[in-house]
Amino acid sequence: MTPPAPGLDDVRARTFPFPKRHFTSATDLERLEVLSLLDLADSFVALNRQKAKKLDLLKGRTLMNLFFENSTRTQSSFELAGKRLGADVVNMSPRSSSMAKGETLIDTAVTLNAMQPDLLVVRHASSGAASLLAQKVDCSVINAGDGKHEHPTQALLDALSLRHAFGDISGLSVAICGDVAHSRVARSNLIMLQMLGAHVRLVGPPTLIPGAAKNWGVEVFHDMREGITGVDVVMMLRLQLERMTGALVPSTREYFRFYGLDREKLACAKPGVKVMHPGPMNRGVEIDSDIADDLTVSLIQNQVEMGVAARMAVLASLAARLDNA
């Protein structure tokens, strides 16, 4: 039997002011703060599974989505999260705005600031863009992915998915596999997963693992089968050909042969292993469709569901800080 969805009073009781005015990096949170956000997100998971999904927790607040890169999952989940919390949601389109006519990012920040938004969600191709905007606006900024830097709400939703699958993240062995060099998801995840007590491995060809990875407190493997042997979780990453300069892999076919996740390689992992992918997937390049669509091992659809709840928790917590301020 599905438990009743939490009411507004229940959610308010679990909501705490975000520790900082902005959420641009996984390092903005301490371990107990992450756990509190996950608890809050759990209440939104229950709400989102009910017929009536809306609260007025953010009534009167304005949420702006500013996406300079294409996005389906992240932008849609932030939009849903804002609307389900009662916020006024505005989706900005930089390609049809003054940015397309040569306006700088700082000019855009000044313009948006004059509109008095409360929460600004930003995705940009340049690392550090979200932090730059945070210095120029009065509202709270949420980093929805900046270049090769970070994607902190993705790490939060991944942690929520793992907690639903395993109950406790502490002690889990997680292999993050593929194009680590160009992945903001990998950077935020290894910070948050280690914070929560997981053991993290990085697996990929030498050309796609940063040289500094040996200083990140992780194990590094260049052989896929060896790297995922005995792990609880295999987190696959998209091969980001659009960010690569030079021939870092010989071909996508060869890449799948050595680093693509198929049944034969997955058999090296621990029984009961779970597979994750932040999306969008390149089927037949980094993951076989047979695994991606197998709900007994794949958490990929679950990650999409958890994304809305995790982002609702972040918005509610940041709004609580604004209320206190």
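A crossing of two helices is called right-handed if the near helix is turned clockwise from the far one by less than a right angle. Keep that in mind for the exercises below, and remember that the model you're looking at is predicted.

**Exercise 1. Describe how helix 2 packs on helix 12.**

Step 1: Start with the geometry. Helix 2 (residues 31-48) and helix 12 pack with their axes 8 Å apart, at an angle of about 125°.

Step 2: Put a word to that angle. It makes helix 2 oblique to helix 12, because it falls outside the parallel, antiparallel and perpendicular ranges.

Step 3: Add the hand. Helix 2 and helix 12 make a right-handed crossing.

Step 4: See who touches whom. On the helix 2 side you'll find Leu37, Leu40, Ala41, Phe44, Val45, Leu47 and Asn48. Helix 12 brings residues including Glu305, Met306, Ala309, Met312, Ala313 and Ala316.

Step 5: Sort them by class. The contact of helix 2 with helix 12 has 14 nonpolar residues, two polar ones and one charged one.

**Exercise 2. Now do the job again for helix 6 and helix 12.**

Step 1: The axes of helix 6 (residues 152-166) and helix 12 (residues 300-324) come within 8 Å, crossing at roughly 120°.

Step 2: That angle makes helix 6 oblique to helix 12.

Step 3: The hand of this crossing is right-handed.

Step 4: From helix 6, the residues in contact include Thr153, Leu156, Leu160 and His164, and from helix 12 they include Asn302, Met306, Ala310 and Val314.

Step 5: By class, there are seven nonpolar, seven polar and two charged residues where helix 6 meets helix 12.

**Exercise 3. Find the residues with the most contacts inside the largest nonpolar core, and see what one of them touches.**

Step 1: The largest nonpolar core has 67 residues, and Phe44 and Ile176 have the most contacts inside it.

Step 2: Which helix gives the most to this core? Helix 12 does, with eleven residues.

Step 3: Zoom in on phenylalanine 44. Leaving out residues up to four places away in sequence, Phe44 touches Val11, Leu55, Leu57, Leu85, Ala309, Met312, Ala313 and Ala316.

Step 4: Don't miss the other core. A second, separate one has 25 residues, among them Val249, Tyr255, Ile287 and Ala292.

**Exercise 4. Decide whether glycine 178, glutamine 75 and glutamine 116 are buried or exposed.**

Step 1: You need the cut-offs: under 20% relative accessible area is buried, and over 50% is exposed.

Step 2: Glycine 178 sits in the loop between strand 5 (173-177) and helix 7 (184-195). Its relative accessible area is 3%, so glycine 178 is buried. Its contacts beyond four places in sequence are Val203, Gly204, Leu208, Ile209 and Tyr255.

Step 3: Glutamine 75 belongs to helix 3 (residues 73-84). At 18%, glutamine 75 is buried too. Setting aside residues up to four places away, glutamine 75 touches Asn65, Phe67 and Asn91.

Step 4: Glutamine 116 is in the loop between helix 4 (105-114) and strand 3 (119-124). With 57%, glutamine 116 is exposed.

**Exercise 5. Look for unusual backbone spots in two loops.**

Step 1: Go back to glutamine 116. Its phi is positive, about 60°, although this residue is not a glycine.

Step 2: Move on to proline 280, in the loop between strand 9 (274-276) and helix 11 (289-292). The peptide bond from glycine 279 to proline 280 is cis, with omega near -10°.

Key:
Residues are numbered from 1 along each chain as its sequence is written. This is a predicted model: local features need pLDDT of at least 70, side-chain atom pairs count only at pLDDT 80 or more; totals for chains, interfaces and linings use all residues. Side-chain values use heavy atoms; hydrogens and water are left out. Axes are lines fitted to C-alpha atoms, for helices over the stretch in contact, and angles run from 0 to 180 degrees between N-to-C directions. Helices (H or I, at least four residues) and strands (E, at least two) are DSSP runs, numbered from the N terminus. Angles under 35 degrees count as roughly parallel, over 145 as roughly antiparallel, 65 to 115 as roughly perpendicular and the rest as oblique. Contact means heavy atoms within 4.5 Å. Ala, Val, Leu, Ile, Met, Phe, Trp, Tyr, Cys and Pro count as nonpolar, Asp, Glu, Lys and Arg as charged, and the others, Gly among them, as polar. A nonpolar core is a set of buried Ala, Val, Leu, Ile, Met, Phe, Trp, Tyr and Cys residues joined through side-chain atoms within 4.5 Å. Buried means under 20% relative accessible area, exposed over 50%, partly exposed in between (1.4 Å probe, protein chains only).
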